[in-house]
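Colleague: Could you take me through one part of this model up close? I'd like to hear about the aromatic rings and what sits around them.

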Amino acid sequence: MFIFNSSIGKKFIQAVSGAFLILFLGLHVTINSFSIIDSFTGKFGAADGLFQAGCDFMALPVVTIMVPILALGFAVHILYGCWLTIKNIVARGGVKRYEVSSKAAADSWSAKNMCILGIIIIGFVCFHLFHFWAKMQLQMFIGGPESNPYDLLVLTFGAWWRLALYLLWFLAVWFHLTHGFWSMFQTVGWDGKTWFNRVKVIGVIVATLICVMFAAVGINAFLQANFLI
């Protein structure tokens, strides 16, 4: 099939799976940000807090059934990204950094290091799954005791070194998203000079909002764990 055999088709798959993951990150960080609101309303840790309501929503069967689809999206994006990188290296006869057609991409540090950034992100995804998913959604699947989401926040981010590692992870995600966002639109043909510049700016804004919100959740939980409770 064209979509699997052509270079454009493979990049299209990468772009679509990347768009799916950006939407997930947006939903994920929105729900996590409810914990910050709970801090200002005095409901951090409360059963009727917004963050608890968000976690309860994510536990609904109609949402839980999306977990395998999300895992498939991650797998496709990761495997295709690695495959395309290897194919690029082989085609050029050696290790030459991520090649793209536009000079703006060629000058971008994140564009040249997408594979390295991806590896860092994968490692921290596993780190994150151990801290949260394994103690919440996984327990629903196996019938084990679910952990309180507020307790997991303060337990995970209460240690300064874990907070520091997560902040580094969010920085890597920012670099990955700033390139991936406009690259996604370039793949589907929005690469004209006017739209290219606009999409790059929008990509920076989206990536910054997502990563700053994630960082704020971690910092807020650190403060709750060490200074405010």
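Modeller: Here's a walk through the aromatic rings, followed by a polar residue. Keep in mind that this is a predicted model.

Let's begin with the rings. A pair of aromatic rings is described by the distance of the centres and the angle of the planes. Counting ring pairs with centres within 6.5 Å, you get eleven aromatic pairs. One of them joins Phe-222 and Phe-227, with 6.0 Å from centre to centre and 65° between the planes. That pair is edge-to-face, because its angle is over 60 degrees.

The two partners sit in unlike surroundings, going by accessibility. Phe-222 has 18% relative accessibility, so it counts as buried, since the cut-off for that is under 20%. Phe-227 comes out at 59%, so it counts as exposed, the limit there being over 50%.

Elsewhere, there's an aromatic cluster made up of Phe-127, Phe-132, Phe-157, Tyr-166, Trp-169, Phe-170 and Phe-214. Another ring, that of Phe-130, has a charged neighbour: Lys-135 lies over its face, 5.2 Å from the ring centre.

Now for the polar residue, Asn-220, which you'll find in helix H12, spanning residues 193-228. Asn-220 has 10% relative accessibility, so it counts as buried too. Its side chain has a polar partner there: Asn-220 and Ser-39 make a side-chain to side-chain polar contact at 2.9 Å. Leaving aside residues up to four places away in sequence, Asn-220 touches Ser-35, Ile-36, Ser-39 and Phe-44. So Ser-39 turns up twice, as a residue that Asn-220 touches and as its polar partner, because contact goes by heavy atoms within 4.5 Å and a polar contact by N or O atoms within 3.5 Å.

Key
Residues are numbered from 1 along each chain as its sequence is written. This is a predicted model: local features need pLDDT of at least 70, side-chain atom pairs count only at pLDDT 80 or more; totals for chains, interfaces and linings use all residues. Side-chain values use heavy atoms; hydrogens and water are left out. Rings of Phe, Tyr and Trp (its six-membered ring) pair if their centres lie within 6.5 Å; planes under 30 degrees apart count as stacked, over 60 as edge-to-face and the rest as tilted. Buried means under 20% relative accessible area, exposed over 50%, partly exposed in between (1.4 Å probe, protein chains only). A charge sits over a ring if NZ of Lys or CZ of Arg is within 6 Å of the ring centre and within 35 degrees of the ring normal. Helices (H or I, at least four residues) and strands (E, at least two) are DSSP runs, numbered from the N terminus. A polar contact is a pair of N or O atoms within 3.5 Å; within protein, one must be able to donate a hydrogen and the other to accept it, and residues adjacent in sequence count only if both atoms are side-chain atoms.
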